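Trainee: I've got this one open on my screen and I'd like to talk it through. Can we go region by region?

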Amino acid sequence: MVGDMAAQFGKETSTGGAFVRQPNAFTDRVTADGSSGRRPEAGRYRLIACLACPWAHRAIIVRGLLGLDGVISLGLVDPIRDDRGWRFTLAEDGRDPVLGIEYLAQAYRATDPDFGGRVTVPAIVDVETGKVVTNDYPQITLDFSTEWAEFHKPDAPDLYPADRRAEIDALIEPIFHNVNNGVYKAGFATSQEAYEAAFTALFAELDTLSTRLETSRYLLGDRITEVDIRLFTTLVRFDAVYHGHFKCNRQKLAEMPTLWAYARDLFQTPGFGETVNFDHIKRHYYATHDQINPTRIVPLGPDESVWQEPHGRG
Ligand SMILES: N[C@@H](CCC(=O)N[C@@H](CS)C(=O)NCC(=O)O)C(=O)O
């Protein structure tokens, strides 16, 4: 099998060398009407995230934009996993100050002692029980927007407006497959064919999005929505890690003028740029995928200051 010998994640590699992402293990929800068995409650739930991770990054941005920071606390893991996975070594005593655990795996095992998949971020943990409620990253942000509305700050944006959901969902789908997960499919491919298929689909999708953004400030017009956040977390990592480490190198983001200006526009919007940590991003990708970068050397470039250049949009 192509995958088993050389793959970054053997269990998630097809016989054709394509990366096939594992399903999310925990999919409970917190719902406004309590029908899921859980209602929104201040201080009860903790978002565990890694600043390097694009899926976790979405949740951090949405939580901040909606003003949920005082309601759902945030625990950050070290960008480098050891053989026991995500660890809370950013804290002085190596333990998450709220959950009291050293490894995120402890919360996963407390939830399912037989859990055998990858322990992933983002995860929402119930502070009372120490168990994982969900690691279902696409649902986490949608629920922040829709189910946690009673805790939103007064001027919070509607990131998932009811009358635009069909359009948003229709964009989310190809952006996930070709861009968000597309860069991983290119980077984790273990056959030339699988890599080329992912590369081609990625840049075709970026071309389509670029054309759309020539006449529209954001993907859905003049307001930021969920799908902009989902695209942003991949674009902001593009030149730092995907272009080199994942071989997504037809062009750099900085060489695609419309997308580059769009990404800078978002970066410079309150709630976006301050959540980006290029040091964590680069160290995570370059130092934890030993099949791709066995030396673990972290590149010094690119220059981060370019993100502050005027974007000329809006
Ligand atoms: N939960 C999803 C996506 C989240 C995800 O992949 N997060 C990455 C970080 S970007 C992670 O936690 N990886 C842990 C690992 O690979 O062991 C999955 O299982 O594929």
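Trainee: Over residues 161-288, what percentage of the chain is helix, and what percentage is strand?
Mentor: Bear in mind that this is a predicted model. UniProt puts the feature "domain: GST C-terminal" on that stretch, in an unreviewed entry. The end C-alpha atoms of residues 161-288 sit 38 Å apart. As for the make-up, the chain there is 66% helix and 0% strand.

Trainee: And the protein chain as a whole, what pattern does it follow along the sequence?
Mentor: The tally for the protein chain is ten helices and four strands. Reading along the sequence, the pattern is α-β-α-β-α-β-β-α-α-α-α-α-α-α.

Trainee: How does the radius of gyration compare with what the globule rule gives for 314 residues?
Mentor: Start with the box: the C-alpha atoms fill roughly 50 × 50 × 35 Å along the principal axes. Of the 314 residues, 42% count as buried, and residues 24 or more positions apart make up 65% of the contacts with a separation of 6 or more. The globule rule gives 20 Å, and the chain comes close to that, so it is as compact as a globular protein of that length, with a radius of gyration of 19 Å.

Trainee: How far can I trust the model, and which helix has the lowest mean pLDDT?
Mentor: The mean pLDDT of the protein chain is 96, with 98% of its residues at 70 or more. Helix α8 (residues 226-242) has the highest mean among the elements, at 99. At residues 1-5 the pLDDT stays under 50, though the model has 13 contacts for them beyond four places in sequence. The element with the lowest mean, at 50, is helix α1 (residues 2-6).

Trainee: On to the sheet. Which strands are at its edges?
Mentor: It's an open sheet of four strands with mixed pairing, in the order β2-β1-β3-β4. The twist from one strand to the next averages 35°. Each edge strand pairs on one side only, and those strands are β2 (73-76) and β4 (132-134).

Trainee: Does β1 pair with β2 in the parallel or the antiparallel sense?
Mentor: Strands of a sheet can pair either way through backbone hydrogen bonds. With β3, β1 forms four bridges in the antiparallel sense, and D126 in β3 is the bridge partner of Y45. On the β2 side, A49 stands opposite L76. The β1 and β2 pairing, also over four bridges, is parallel.

Trainee: Which residue of β4 does I124 stand opposite?
Mentor: β3 covers residues 123-126, and two bridges join it to β4. Those two strands run antiparallel. Opposite I124 in β4 is T134.

Trainee: Which residues of β1 are buried on each side?
Mentor: Five of the five residues in β1 are buried. Helix α2 (residues 54-66) lies across β1 (45-49) and β2, running at about 135° to β1. Both faces of β1 are covered, with Y45, L47 and A49 on one side and, on the other, R46 and I48.

Trainee: UniProt has an "active site" feature too. What is the largest C-alpha distance within it?
Mentor: The unreviewed entry lists C53 and Y184 for it. They are spread over 132 residues of sequence, yet they cluster in space, with a largest C-alpha distance of 11.8 Å.

Trainee: Does Y184 count as buried or partly exposed?
Mentor: Take C53 for contrast: it lies in the loop between β1 and α2, and with 24 C-beta neighbours inside 10 Å it counts as buried. Y184 lies in helix α6. A residue needs 20 or more such neighbours to be buried. Y184 has 19, so it counts as partly exposed.

Trainee: Staying in that helix, how far apart are the C-alpha atoms of A186 and A198?
Mentor: A186 is in helix α6 (residues 182-188), and it's buried, with 24 other C-beta atoms within 10 Å. Beyond its neighbours within four places in sequence, its contacts include A198, F199 and L202, along with F246. A186 and A198 are twelve residues apart along the chain, but the separation of their C-alpha atoms is 5.1 Å.

Trainee: Last one: which helices are among those covering the buried residues of α9?
Mentor: Helix α9 spans residues 257-267, and its buried residues include L259, W260 and Y262. What covers them includes α7 (192-214) and α8.

How values were computed: Residues numbered from 1 in each chain as written. Predicted model: local features only at pLDDT ≥ 70, side-chain atom pairs only at ≥ 80, totals over all residues. Pairing = 2+ DSSP bridges. Axes fitted to C-alpha atoms, helices over the stretch in contact; angles between N-to-C directions. Contact = placed C-beta atoms within 7 Å. Rg over C-alpha atoms; globule rule 2.2 N^0.38 Å. Buried ≥ 20, exposed ≤ 12 C-beta atoms within 10 Å, placed from the backbone. UniProt positions renumbered as here; feature names shortened; annotations may be inferred. pLDDT = per-residue confidence, 0-100.
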